[in-house]
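Q: I am new to this structure and would like to learn how to read its features. Where should one begin?

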Amino acid sequence: MGLTPYAVLSGSMEPELPVGSLIYVKPVDPTEVHVGDAITFRLESGTLVTHEVYEIDASAHEFKTRGIANVDAQGNISPDAAPVPWSSLVGSVVACVPLLGYINVFVTQPPGVFMVIAGVAVVIGVSIAIELVGTGRHDKREAAHAPKHMR
């Protein structure tokens, strides 16, 4: 479907995108972005940020963005310090699943990966053990019901 999941790690977009949510971002052409859209973009440092577009400067090929929870002393939403060049656009947010981001972060870190692998190994081991026990019981039943000359 062309969607990339990202975990929301800060509260700058709450309550629309709560911390711990998993957002799905779809690549879009910069000309398809509208004021009010939540976009994900890459800072020069490589950090990904998801903020709301409040103004588009098509001639300069820049978005002006803000985190809707970032407010000043008067309660006004504070704009981001620098505009976002169109070339930094990753995509537009199309879905948000609350709390799923925590799970995504956990299973992509080494302790979580090891726990998932261990959990799968336990399930496979238990399945094999149940199969072996069931086969053993079946063989004993067949032997008990077999004619005496075949026992």
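A: One begins with exposure: buried means under 20% relative accessible area, exposed over 50%, and partly exposed in between (1.4 Å probe, protein chains only). The model is predicted, so local features need pLDDT of at least 70 and side-chain atom pairs pLDDT 80 or more, while totals for chains, interfaces and linings use all residues. Residues are numbered from 1 along each chain, and side-chain values use heavy atoms, without hydrogens and water.

Q: Is Val120 buried, partly exposed or exposed, and what is its relative accessible area?

A: Val120 has a relative accessible area of 44%, which means that Val120 is partly exposed. Of the 151 residues of the protein, 23% count as buried.

Q: In which helix is Val120 found?

A: Helices (H or I, at least four residues) and strands (E, at least two) are DSSP runs, numbered from the N terminus. Val120 lies in helix α2, residues 110-145. The protein has two helices and eight strands, in the order β-β-β-β-β-β-β-β-α-α.

Q: How is empty space found, and what volume does the second largest pocket have?

A: Rolling a probe the size of a water molecule over the atoms reveals where empty space is left. A pocket is an open set of points on a 1 Å grid over the protein atoms alone, where a 1.4 Å probe fits, with protein on both sides within 12 Å along at least five of seven lines; lining residues have an atom within 4 Å of a point. The volume, the space filled by probe spheres set on the points, is about 160 Å³ for the second largest pocket.

Q: Which strands each supply at least two residues of that lining?

A: They are β3 (38-42) and β7 (84-85). Among the lining residues are Phe41, Arg42, Val84 and Pro85.
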